[in-house]
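Here is a short briefing to read alongside the model. Take a moment with the sequence and the structure first, and then come back for the notes.

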Amino acid sequence: MSRHCARPGCNAPAAAAFNFDGLRRIVWLNPLVETRDCTAGDLCARHADRLTPPLHWELRDLRNVRPVRAKQRAAEPAAEPESRLLARAFRAAG
């Protein structure tokens, strides 16, 4: 059975899984995995790319490939996804 986006009214194929920790106020976007037991839900690529966490929450995008918006592409050279994730991890660590 194929998986679809959890957003109401959207029937697009799922491209990412999300999970959250309400006590720590963190939302994770993960690559789509085979099992659904470990996720809060699935999102299509469009909704995953536009996901905004609640105020004072942190979004951790752990997907391998992240789209670079046109403004960023013109302003700076594209960095490897791994280096962006490492930079974000070090910023969050302190």
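The notes below go from the overall picture to the strands, the cysteines and one arginine.

This is a predicted model, so a word on confidence comes early: the mean pLDDT of the protein is 80, and 66% of its residues reach 70 or more. The protein has three helices and four strands, arranged along the sequence as β-β-β-α-β-α-α.

**Confidence**

- Helix H1, residues 45–49, has the highest confidence in the protein, with a mean of 95, while H2 has the lowest, with a mean of 55.
- Where pLDDT is low, the predicted coordinates should not be read in detail.
- H2 spans residues 70–75, and with its mean of 55 that helix is a place to keep this caution in mind.

**Overall make-up**

- Of the 94 residues of the protein, 20% count as buried.
- The exposed area of the protein is about 7,100 Å², and carbon and sulfur atoms supply 57% of it.
- Among contacts with a separation of 6 or more, 56% are between residues 24 or more positions apart.

**How the strands pair**

- Strand E1 (residues 16–21) pairs with strand E2 (residues 26–31) in the antiparallel sense, over six bridges.
- Two of the residue pairs between E1 and E2 are worth finding in the viewer: alanine 16 has proline 31 as its bridge partner in E2, and phenylalanine 20 has valine 27.
- The hairpin of E1 and E2 has four residues between the strands, and arginine 25 takes a positive phi near 60° there.
- E1 also pairs with strand E3 (residues 41–43), again in the antiparallel sense, over three bridges.
- Alanine 16 takes part here as well, with leucine 43 as its bridge partner in E3; alanine 16 thus has a partner in E2 and a partner in E3.
- E2 and E4 run parallel and are joined by four bridges, and in E4 the bridge partner of tryptophan 28 is arginine 60.

**The cysteines**

- How many disulfides does a search of the whole structure find? The search finds zero.
- A disulfide is a covalent bond between the sulfur atoms of two cysteines.
- Why is there no bond between cysteine 10 and cysteine 44? The sulfur of cysteine 10 has its closest cysteine sulfur in cysteine 44, but the two are 3.8 Å apart, and that is too far for a bond because a disulfide needs the sulfur atoms within 2.5 Å.
- Seen from the other side, cysteine 10 holds the closest cysteine sulfur to that of cysteine 44, at 3.8 Å.
- Both residues are buried: cysteine 10 has a relative accessible area of 16%, and cysteine 44 has a relative accessibility of 5%.

**Arginine 63**

- Arginine 63 sits in the loop between strand E4 (58–61) and helix H2 (70–75).
- Is arginine 63 buried or exposed? With a relative accessible area of 11%, arginine 63 is buried, because buried means under 20%.
- The side chain of arginine 63 makes polar contacts with two aspartate side chains: one of 3.0 Å with aspartate 49 and one of 2.8 Å with aspartate 61.
- Aspartate 49 belongs to the residue range of H1 (45–49), and aspartate 61 to that of E4 (58–61).

Terms used: Residues are numbered from 1 along each chain as its sequence is written. Side-chain values use heavy atoms; hydrogens and water are left out. Buried means under 20% relative accessible area, exposed over 50%, partly exposed in between (1.4 Å probe, protein chains only). A polar contact is a pair of N or O atoms within 3.5 Å; within protein, one must be able to donate a hydrogen and the other to accept it, and residues adjacent in sequence count only if both atoms are side-chain atoms. pLDDT is the predictor's confidence in each residue, from 0 to 100. Two strands pair if DSSP finds at least two bridges between them. Contact means heavy atoms within 4.5 Å. Accessible areas come from the Shrake-Rupley method with a 1.4 Å probe; for residues, only the protein chains shown count as cover.
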